[in-house]
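Hi everyone, thanks for making time this morning. I have one structure to walk you through, so do have a look at it while I talk.

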Amino acid sequence: MNLIETIYACPPRAAVAILLILLSVIFMLVLFPSATRKTGSDKNKVTDLQQARTVQRFREVLLGWCDAGGNTNAVAVMKWENIIKLDIAFPFVYALALAFAYATARGNAAPGKLDLVFFLVPVVAGLFDLVENSLHLYLLSGIDTRKQVEDAVFSPALVFAASAFAQAKYALLGGSLLAL
């Protein structure tokens with residue numbers, strides 16, 4: 001058995017899946033909304049930034065964050081509270097939750113090749129999420145205020161790449177959920 005097969009078949013996988021699913025729910029229903037409210041508005045969503053494929057839309061989202069709650073520093077707050085504090089850990093939590101949920105649902109101790117693929121799909125999605133977050137943090141380096149957003153020159157290629165990684169992540173997560 002290789003390392004991935006050993007992890008797939010580990011005896012506490014059901015307990016790990018349940019714990020990580022509960023933690024994922026806490027992230028989605030408590031932690032992310034709480035962090036977003038710190039920007040001044042619960043309407044500000046990182047998912048809007050993930051869907052911004054163009055520099056124009058990327059800038060509109062950032063300006064919208066500042067305008068929604070009247071907080072000209074909303075970008076700094078969102079960057080720190082959502083992307084850095086939470087979305088560094090969240091990809092690991094949901095990726096392992098879905099991987100172990102799949103392994104638990106299959107119930108087999110000796111996974112086939114397709115089982116290993118479906119076990120690893122959410123892990124790849126989590127890695128894509130980390131790349132997307134890194135690109136967003138790079139794009140937002142030194143950008144904290146409304147004025148800085150207005151004056152910034154964002155790379156169209158990096159904005160598009162961040163969005164592409166986000167969309168690929170969502171496609172992989174959708175496939176993971178269907179596999180369950």
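I'll start with the overall picture, then go through the cores, a few of the helices and one loop residue.

First, please keep in mind that this is a predicted model. The protein has nine helices and zero strands, so if you read along the sequence you get α-α-α-α-α-α-α-α-α. Its C-alpha atoms fill a box of roughly 55 × 30 × 25 Å along the principal axes. There are 180 residues in the protein, and 42% of them count as buried. If you take the contacts with a separation of 6 or more, 80% come from residues 24 or more positions apart.

Now, the inside. As a reminder, in soluble globular proteins nonpolar side chains tend to be buried together. Here the largest nonpolar core has 21 residues, and the members touching the most others are Phe58, Leu62, Trp65, Val75, Leu140 and Phe154. Which elements give two or more residues to this core? They are helix H3, residues 46–50, helix H4, residues 55–68, and helix H5, residues 74–84. H4 gives the most, with seven residues. If you click on Leu62, you'll find that it touches Leu49, Val75, Leu140, Val149 and Phe154, leaving out residues up to four places away in sequence. There is also a second, separate core of 13 residues, and Phe90, Val93, Ala97 and Ala125 are among them.

Let's stay with H4 for a moment. This helix has 14 residues and reaches 20 Å from its first C-alpha to its last, close to the 20 Å expected at 1.5 Å a residue. Its buried residues include Val55, Phe58, Val61, Leu62, Leu63, Trp65 and Cys66. What covers them includes H3, H5, H7, H9 and helix H8, residues 146–151. Just after H4, Gly70 takes a positive phi of about 70°.

On to H6, residues 90–106. With 17 residues at 1.5 Å each step, H6 should span 24 Å, and its end C-alpha atoms are indeed 24 Å apart. So is H6 mostly covered or mostly open? It is mostly covered, with twelve of its 17 residues buried. Among them are Phe90, Val93, Tyr94, Phe100 and Tyr102, along with several alanines such as Ala95, Ala97 and Ala99. The cover over these buried residues includes helix H1 (3–8), helix H2 (13–37), helix H7 (113–139) and helix H9 (156–179). Just after H6 there is another glycine to look at: Gly107 takes a positive phi of about 75°.

Right there, in the loop between H6 and H7, you'll find Asn108. Is Asn108 buried or exposed? It is buried, because its relative accessible area is 17% and the cut-off for buried is under 20%. Leaving aside neighbours within four places in sequence, Asn108 is in contact with Tyr8, Arg13, Ala103 and Asp115.

Last stop, a helix pair. H5 and H7 pack at an angle of about 165°, with their axes 12 Å apart. That makes H5 roughly antiparallel to H7. Their crossing is left-handed. On the H5 side the contact is made by Lys79, Ile83 and Ile84, and on the H7 side by Asn133, His136 and Leu137.

That's my tour, and I'm happy to take questions.

Note on methods:
Residues are numbered from 1 along each chain as its sequence is written. Side-chain values use heavy atoms; hydrogens and water are left out. A nonpolar core is a set of buried Ala, Val, Leu, Ile, Met, Phe, Trp, Tyr and Cys residues joined through side-chain atoms within 4.5 Å. Buried means under 20% relative accessible area, exposed over 50%, partly exposed in between (1.4 Å probe, protein chains only). Helices (H or I, at least four residues) and strands (E, at least two) are DSSP runs, numbered from the N terminus. Contact means heavy atoms within 4.5 Å. The expected span of a helix is 1.5 Å times one less than its number of residues. Axes are lines fitted to C-alpha atoms, for helices over the stretch in contact, and angles run from 0 to 180 degrees between N-to-C directions. Angles under 35 degrees count as roughly parallel, over 145 as roughly antiparallel, 65 to 115 as roughly perpendicular and the rest as oblique. A crossing is left-handed if the near helix is turned anticlockwise from the far one by less than a right angle, and right-handed if clockwise.
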